[in-house]
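Hi everyone, thanks for making time. I'd like to walk you through one model today, so let me put it up on the screen.

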Amino acid sequence: MKKFIYITLFCTLLVSCSNQDEHWRKSPLISIDDVVYHGTEQVFGMTKMNGDPDEPSFQKGQGRLYQLTFFDQTENLVGKTYTLTGFHEETGETVELYKDEIQGENAAKLSLDKSGFWKIEVLVDEKLYTSFVIEVI
């Protein structure tokens with residue numbers, strides 16, 4: 001009976017530890033032709049177009065304009081609809097950040113209202129295209 005209790009406690013501990021969410025980490029930056037992007041290498045990137053060049057790319061409550069680049073297959077995506085969605089790590093909040101039609105050059109003005117890590121999902125015609133994590137200061 002003791003053995004059964006120990007095994008049960010061990011299994012409970014193991015399951016509870018494996019169910020804990022790992023903390024998100026900021027995705028690596030992408031640098032192409034001296035431009036730094038947030039996103040997924042060779043897939044998608046966004047870079048700040050306005051504001052002070054020395055300020056962080058994402059500031060709490062500060063709306064900024066971002067250039068959006070679909071690195072792979074832009075010509076195949078033109079005319080399709082993209083959606084940017086943000087998920088806040090701490091609160092679990094979900095926000096639709098921007099939705100538009102993909103053109104040769106794309107831009108989006110967006111703002112995030114909470115500091116911390118946000119997972120950004122890029123959907124094309126409502127299917128997940130890529131995702132990455134940013135940090136809002």
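**Strands, rings and one serine**

Let's start with strand β5, residues 81–88, and strand β8, residues 116–124: these two pair in the antiparallel sense over seven bridges. Before I go further, please keep in mind that this is a predicted model. If you want a place to look along that pairing, find Tyr82, which stands opposite Val124 in β8.

Now stay with β8 and turn to its other partner. Strand β9, residues 127–136, pairs with β8 in the antiparallel sense over nine bridges. Here Val122 is the residue to pick out, standing opposite Thr130 in β9. β8 and β9 form a hairpin, with two residues between them. In that turn sits Asp125, whose phi is positive, at about 50°.

Next, the aromatics. How many aromatic pairs does the structure hold? There are seven. Tyr82, which we just met opposite Val124, belongs to a cluster linked by ring pairs, together with Phe44, Phe70, Tyr98, Tyr129 and Phe132.

Phe132 brings me to my last stop, because I'd like you to look at Ser27, which touches Phe132 as well as Gly39 and Val133, leaving aside residues up to four places away in sequence. Ser27 is placed in the loop between α1 (2–19) and β1 (29–32). Is Ser27 buried or exposed? Its relative accessibility is 18%, and the cut-off for buried is under 20%, so Ser27 counts as buried. A polar atom of the Ser27 side chain also lies 2.8 Å from the backbone nitrogen of Val133.

That's my tour, and I'm happy to take questions.

Definitions and conventions: Residues numbered from 1 in each chain as written. Predicted model: local features only at pLDDT ≥ 70, side-chain atom pairs only at ≥ 80, totals over all residues. Heavy atoms only, no water. Pairing = 2+ DSSP bridges. Helix = DSSP H or I, 4+ residues; strand = E, 2+ residues; numbered from the N terminus. Phe/Tyr/Trp six-rings, centres within 6.5 Å; stacked < 30°, edge-to-face > 60°. Buried < 20%, exposed > 50% of the residue type's maximum accessible area, 1.4 Å probe, protein only. Polar contact = N/O pair within 3.5 Å; in protein donor to acceptor, adjacent residues only side chain to side chain. Contact = heavy atoms within 4.5 Å.
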